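Reader: Got a minute to walk me through this one? I'd like the fold first, then the details.

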Amino acid sequence: MNDQLEENDTGSAVHCWWRSAAKFDESARMKPEIANLSNISPTLRVLRELERLALVAPEGLEELRHKLFAYRSGDFWLPTGGVKKEDTDIPPVITVLLVGFQNAGKSSLVNLMYSVLGRSGLIPFSQTSSGTASGYKALYMEEHNVLRSMRNGFCVFDTRGFHYERLAESNEELSKWMNRGVHHNQLCLRSGDNILLSKDEEIEIPLSRLLASKYVKRRVNCVMMVANVAEIHKALRASDMNPLEALNQLFHSPILRNCNDNPILILTHGDKLSTEDRIDGRLKICEHLGISETTGVYDTMCLTDYGFATDEFDPVTAYALTEAVYRGLLMSDRGHLPKKNLLDRALLVLSWFVCSVGAFFAFLARILFKLGRRDKLKL
């Protein structure tokens, strides 16, 4: 069977890195009709999942691409709770938000999406932090039409990376994005950014940045959590749990819940690790997050050794990324809420009015209490 796998590698030019793992032979000999998969070790489950991607990728990639190009917002909606589709609040474009800590590979992932889905080849559309981007350029959120289509049914937002040491600030900023929405060229200022801006005073800010408020504000429908598996694995070997614990808190933030589904986890920079460490890093991250190591988790290599976005030379990575986007759209169309009618809006205004009146009387009572206490002290 190993000879057959090697022939498939040569024929499709796929670099299946996991096939050099110590337990791959055991996984290859395993019968596919085993009923109780719970008895299989986590490592073997990961190897079987990677083999599934390699098996489906050659023909499944074009099929998923076609589905994404033909997709329109709400196409994957299913009737739930007796609410009709016309009574459901479906946005014109589904918004996928990429979040993660600094150097996670979000911008590289966007370039990979352009390469795989938009067939842009090796042209970078998003500037990575390892490039020439500096100063104010890193402070803005960017919307990307990764299909490069005039009729795209979804868009992807590349966000500014968070800091491991500023988790409270990260959660607050993420909460604003989820509650208020996001738009192209949205400024993401944080504490300490005034120093960064002062260094770039000589740079002329483009007009598109200055007119950022003119862009359409979009409601976030799906979140993809991007994590640097090489960085986390290196920290774990040094007995540093801070990156993994920060990822855990961000991943399980209640604001990211969508129909009880976890965010989609994208692991990047695994190509910097050995095969065993790459699998071990994935297992440790999934175990700490309390999620399945095979469902909703994708291992992608964003850049080649030459610093370019991976093109169609690796159909497995291309298919894994395409399936992740497809899964995100499925999750998004499951989470649309019913439209608010006139009665709902009236109740909202009434509740806001009652809360305002209550706050006013509470403030008035506090003022009167202080005045009465001052008069008693005078007496």
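**Strands, helices and cysteines**

Author: Start in the sheet. Leucine 98 of strand 1 has a bridge partner in strand 5, namely methionine 224. Keep in mind that this is a predicted model.

Reader: How many bridges join strand 1 to strand 5, and do they run parallel or antiparallel?

Author: Five bridges, and the two strands run parallel. Strand 1 also pairs with strand 3, again in the parallel sense and over five bridges. There, leucine 97 stands opposite phenylalanine 157 of strand 3.

Reader: What's the strand order in the whole sheet?

Author: The order is 4-2-3-1-5-6-7. It is an open sheet of seven strands with mixed pairing.

Reader: Which are the edge strands?

Author: Strand 4, residues 186-187, and strand 7, residues 297-299. Each pairs on one side only.

Reader: How is strand 7 joined to strand 6?

Author: By three bridges, with the strands running parallel. Isoleucine 266 has tyrosine 298 of strand 7 as its bridge partner.

Reader: Back to strand 1. How many of its residues are buried?

Author: Seven of seven. Both faces are covered. Ile94, Val96, Leu98 and Gly100 are on one side, and Thr95, Leu97 and Val99 are on the other.

Reader: Which strands does helix 11 lie across?

Author: Helix 11, residues 315-334, lies across strands 1, 3, 5, 6 and 7. Its angle to strand 6 is about 160°.

Reader: And how does helix 4 pack on helix 11?

Author: Their axes are 10 Å apart, at an angle of about 100°. That angle makes helix 4 roughly perpendicular to helix 11.

Reader: Which residues make that contact?

Author: From helix 4, Leu109, Leu112, Met113, Val116 and Leu117. From helix 11, Thr317, Ala318, Leu321, Thr322 and Val325. By class, eight are nonpolar, two are polar and none are charged.

Reader: Now helices 8 and 9. At what angle do they cross?

Author: Roughly 130°, with the axes coming within 8 Å. Helix 8 covers residues 229-237 and helix 9 covers 242-251.

Reader: Why do they count as oblique?

Author: Because roughly 130° falls outside the ranges for roughly parallel (under 35 degrees), roughly perpendicular (65 to 115) and roughly antiparallel (over 145). Helix 8 and helix 9 are therefore oblique to each other.

Reader: Which residues touch?

Author: Ile232, Ala235 and Leu236 on helix 8 contact Pro243, Leu244 and Leu247 on helix 9. By class, this contact has six nonpolar residues, no polar ones and no charged ones.

Reader: How much of helix 9 is buried?

Author: Seven of its ten residues, so helix 9 is mostly covered. The buried ones are Pro243, Leu244, Ala246, Leu247, Asn248, Leu250 and Phe251.

Reader: What covers the buried residues of helix 9?

Author: The cover includes helix 5, helix 8 and helix 10, along with strand 5 and strand 6.

Reader: Switching to cysteines. How many disulfides?

Author: Zero.

Reader: Say I care about labelling. Cysteine 286 and cysteine 355: buried or exposed?

Author: Cysteine 286 is at 1% relative accessibility, so it counts as buried. Cysteine 355 is at 55%, so it counts as exposed.

Reader: Backbone next. Which residues other than glycine have a positive phi?

Author: Among them are asparagine 103, with phi near 65°, and arginine 148, with phi of about 55°.

Reader: Where do they lie?

Author: Asparagine 103 is in the loop between strand 1 and helix 4. Arginine 148 is in the loop between strand 2 and strand 3.

Reader: How exposed are those two?

Author: Asparagine 103 is partly exposed, at 48% relative accessible area. Arginine 148 is partly exposed as well, at 46%.

Reader: Last bit, the overall numbers. How many helices and strands, and how much of the chain is buried?

Author: Twelve helices and seven strands. Of the 379 residues, 46% count as buried.

Reader: And what share of the contacts comes from residues 24 or more positions apart?

Author: 76%, counting contacts in the chain with a separation of 6 or more.

Technical notes
Residues numbered from 1 in each chain as written. Predicted model: local features only at pLDDT ≥ 70, side-chain atom pairs only at ≥ 80, totals over all residues. Heavy atoms only, no water. Disulfide = S-S within 2.5 Å. Buried < 20%, exposed > 50% of the residue type's maximum accessible area, 1.4 Å probe, protein only. Axes fitted to C-alpha atoms, helices over the stretch in contact; angles between N-to-C directions. Helix = DSSP H or I, 4+ residues; strand = E, 2+ residues; numbered from the N terminus. Contact = heavy atoms within 4.5 Å. Nonpolar A, V, L, I, M, F, W, Y, C, P; charged D, E, K, R; others polar. Pairing = 2+ DSSP bridges.
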